[in-house]
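Me: Please take a close look at one part of this for me: the domain interface. Once that's clear, walk me outward from there.

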Amino acid sequence: MVTESPSLKQAITPHVYINQLSAHVDQEVTLKGWLYNMRSSGKILFPQLRDGSGVVQCVVLKNAVQPELWESLKGLGQESALIIEGKVRADSRAPGGYEIDVTNAQVVQEVHDYPITPKEHGTEFLLDHRHIWLRSRRQHAILKIRHTVVRAVRDFLDNDGFTLCDAPIFTPAACEGTTTLFAADYFDGEKAYLTQSGQLYNEATAAAFGKVYCFGPTFRAEKSKTRRHLTEFWMVEPEMAYATLDDVLTLSERMLSYIAARVLADRAEELKVLERDPAKLEAIVPPFPRLHYDDAVKMLQEGRAKGLLEARFEWGGDFGAPDETFISGHFDKPVMVHHYPAEVKAFYMARDPDRSELALGVDVLAPEGYGEVIGGGERATSLEYLQQQIATHELPPEAFEWYLDLRRYGSVPHAGFGMGIERCTAWMCGIEHVREAIPFPRMMYRLRP
Ligand code: 4AD
Ligand code: MG
């Protein structure tokens with residue numbers, strides 16, 4: 001039988017959110033939410049209500065409510081939808097500092113057999129139930145911190161004179177290598193590719209606005225099943241005209257330390273839920289160590305000589321996850337590794353005028369094994385050089401004609417970077433895997449829910 005959703009009775013007392021209870025001590029209020037947990041001891045029920053803003057323990061005395069109400073509350077299962085009316089009582093022993101003495105309640109939907117129980121579930125089970133797993137306290141804390149990371153990024157760039165100029169998601173060609181492109185059928189047999197980065201478009205808008213950023217979803221058909229890789233992730237990308245690699249290093253360290261400070265200031269409660277040591281975030285203050293690629297290679301080779309690293313590392317290679325972890329293990333702040341060999345970097349990177357085998361690029365490696373959170377650098381300015389790079393990288397020249405116009409009309413040194421929001425969030429939270437740092441993760445083997 002299909003039933004209409006129940007019509008909600010009008011509560012007399014004002015609706016407040018659990019995170020506003022401090023302003024309503026000793027007042028009668030209405031809370032609207034879901035049952036998080038229920039304990040009972042004879043003539044008292046202790047339903048814990050969650051409403052998205054927090055969790056509060058309520059107290060129902062059998063003698064203080066209507067018998068029908070007592071009966072209807074008694075057997076409620078987890079995630080039953082519930083409206084509660086009661087008086088706010090300050091109680092220093094209560095988690096959160098307040099309790100609700102219930103005077104009335106309305107069961108909006110009675111639920112039994114909620115699939116996620118307090119017992120341990122496997123990761124696959126939880127990911128299959130991501131649509132409801134989001135309600136649990138830990139996931140809630142992680143996504144609140146993600147929200148703060150995003151806000152911090154926007155506030156930081158907006159206050160620093162950057163203009164938001166978003167880049168398209170359907171693009172005609174690769175920006176970050178042809179091996180990780182997702183293709184879609186566009187019209188009349190033409191292929192479109194989901195963007196890997198908004199950077200090339202940022203270079204156009206930077207020439208129009210000076211300092212810009214784009215912020216949106218990006219896609220990589222990466223066949224890697226690591227704790228750092230998603231196939232769809234969010235990236236913020238600032239780009240500056242008349243700027244160099246050095247400006248990118250400075251902006252990276254300012255932005256990352258601003259984010260850490262905001263998470264510490266605005267999300268203390270959530271960090272506690274995650275048992276994240278705030279000292280790890282307090283350490284993220286400028287200046288960050290700067291490490292030339294040559295010196296990073298020496299570090300890896302010494303590590304290998306001491307038996308601390310398994311694989312040997314030759315100058316010229318790109319770092320793998322164990323290499324990055326080993327390098328960043330020397331520091332309690334992010335380390336900025338710069339001047340990588342141009343061979344292992346994207347086609348658009350400017351080269352070091354004194355050592356043309358090196359690119360003016362940087363990877364910012366987060367501490368504690370979180371790996372690269374920022375990648376960026378200075379862009380090549382020469383038309384001829386880029387034409388040659390497009391040919392060497394076997395990119396379709398017609399798709400880059402517009403990009404080359406930027407080198408024909410007012411080409412200047414410019415630079416920028418990209419930061420992955422999930423990697424940054426996972427690091428702030430101190431969690432194992434980036435998949436929990438986005439509401440609905442997309443990975444090689446996961447497209448659902
Ligand atoms: O180093 P990447 O590939 O750099 C670029 O795309 C540049 N075009 C950005 C720019 O200069 N405007 O990616 C930048 C960042 C990485 O440092 C990482 O934080 C994140 O994006 N990232 C990923 N995050 C999750 N899953 C993946 N598969 C990621 N690939 C990159
Ligand atoms: Mg990179």
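Reply: Let's start with charge: across the interface of domain 1 and domain 2, the rule finds one salt bridge (a side-chain nitrogen of Lys or Arg within 4 Å of a carboxyl oxygen of Asp or Glu). A salt bridge with an N to O distance of 2.9 Å joins the side chains of Glu79 and Arg135. Three residue pairs are in polar contact between the two domains, with both partners at pLDDT 80 or more. On the domain 1 side, the residues touching domain 2 split evenly into two nonpolar, two polar and two charged. For that split, Ala, Val, Leu, Ile, Met, Phe, Trp, Tyr, Cys and Pro count as nonpolar, Asp, Glu, Lys and Arg as charged, and the others, Gly among them, as polar. A polar contact here is a pair of N or O atoms within 3.5 Å; within protein, one must be able to donate a hydrogen and the other to accept it, and residues adjacent in sequence count only if both atoms are side-chain atoms.

A word on the ground rules: this is a predicted model, where local features need pLDDT of at least 70 and side-chain atom pairs count only at pLDDT 80 or more, while totals for chains, interfaces and linings use all residues. Residues are numbered from 1 along each chain as its sequence is written, chains are lettered from A and ligands numbered from 1 in the order in which they are written, and side-chain values use heavy atoms, with hydrogens and water left out.

Now the two partners themselves. Domain 1 covers 3–110 and domain 2 covers 128–437, with bounds from an automatic or database domain assignment. Six residues of domain 1 touch five of domain 2, contact meaning heavy atoms within 4.5 Å. Taken over C-alpha atoms, the domain centres sit 45 Å apart. The area buried between them is about 460 Å², 41% of it from carbon and sulfur atoms. Tyr36, Arg50 and Gly52 supply 64% of what domain 1 buries against domain 2, more than any other three residues. Buried area is the accessible area (1.4 Å probe) that two parts lose on being put together, summed over both.

Stepping outward, the whole structure has 31 salt bridges. One of them pairs Glu422 with Arg146 at 2.8 Å, N to O. Glu422 is in helix H13 (residues 421–429) and Arg146 in helix H4 (residues 137–159), so this pair ties together parts 276 residues apart in sequence. Helices (H or I, at least four residues) and strands (E, at least two) are DSSP runs, numbered from the N terminus.

Last, some backbone details. The peptide bond from Pro286 to Pro287 is cis, omega near -5 degrees, and Pro287 falls in the loop between helix H8 (278–282) and strand S12 (290–292). Asp113, in the loop between strand S5 (98–109) and helix H2 (123–128), has a positive phi near 60 degrees despite not being glycine.
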